Amino acid sequence: NVNNDPLPTLSGIAATCMNTSQTYTGTPASPTAGITYSWALTGGTITSGGGNSSTATIQWTASGNQSVTMTTNSAICGSRPAQVNVTVHPLPVVDFTIANNCAGQITSFADISTIATGTNTGWSWNFGDGSPLVTGTANPTHTYALGGNYNVTLIVSSDQGCQTTFSKTISITTPPSADAGPATATICATPTSMLRASLISI
């Protein structure tokens, strides 16, 4: 007699980004009499399925070379595994700095993002003042018309298509203006004349 216990197979994505979820499907598609399933993996967490099921959805939480294994277990044929090796790419670690935070003047932004392996290749900047998005440059410039606090959002993409979104509030200062008195004035011809300037706004 031939036992109804076919060799298991497992299919699913073999390369993905960290903190994404992927579903892996094994065969046979449903347990038959005397056969059960079990799952094991590295670098992730099963969020649905798994256990005595032929599918499992996994959130990959660690980068590097990981794996997911589905094993069929039967009293006659024993334990037989099927495995998918998965390359989990890291996410960019995003941050930026600014230089010159005065309204009405050019503010320079500098991307200081890093990534564990690979390179960062894409940038999208939202300067938080309703101006159009700026893409494709790591170190843009922008001029804020008014002083105040602005929530700047930077999305960085890696060469493997993995993205991280990062937001930071920056403070833009309104430059002070000076008042040296009336635009026209009469000055007497005395040995010494003095003009006094004062700040009228900061």
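Ser 48 counts as partly exposed because its relative accessibility is 35%, a value that falls between the limits of under 20% for buried and over 50% for exposed. The structure is a predicted model, and the points below place Ser 48 in its strand before turning to strand E8 and its partners and to the nonpolar cores.

**Surroundings of Ser 48**
- Ser 48 belongs to strand E5, which covers residues 44-49.
- Leaving aside residues up to four places away in sequence, Ser 48 touches Ala 56 and Thr 57.
- Thr 23 is 25 residues from Ser 48 along the chain, and the C-alpha atoms of the two are separated by 8.9 Å.

**Strand E8 and its partners**
- Strand E7 (residues 64-74) runs antiparallel to E8 and is joined to it by eleven bridges, with a hairpin of three residues leading from E7 to E8.
- Within E8, Val 86 stands opposite Gln 66.
- Strand E2 (residues 15-17) pairs with E8 (residues 78-89) in the parallel sense over three bridges, and Ala 15 has Thr 87 as its bridge partner in E8.

**Nonpolar cores**
- The largest nonpolar core has 17 residues, and those with the most contacts inside it are Leu 10, Tyr 24, Trp 39, Trp 60, Val 68, Val 84 and Val 86.
- Strands E4 (35-42), E6 (55-60), E7 and E8 each supply at least two residues of this core, and the largest share, four residues, comes from E8.
- Apart from this core lies another of 15 residues, including Phe 96, Phe 127, Tyr 150 and Val 152.

Key
Residues numbered from 1 in each chain as written. Predicted model: local features only at pLDDT ≥ 70, side-chain atom pairs only at ≥ 80, totals over all residues. Heavy atoms only, no water. Pairing = 2+ DSSP bridges. Buried < 20%, exposed > 50% of the residue type's maximum accessible area, 1.4 Å probe, protein only. Contact = heavy atoms within 4.5 Å. Core = buried A, V, L, I, M, F, W, Y, C linked by side-chain atoms within 4.5 Å.
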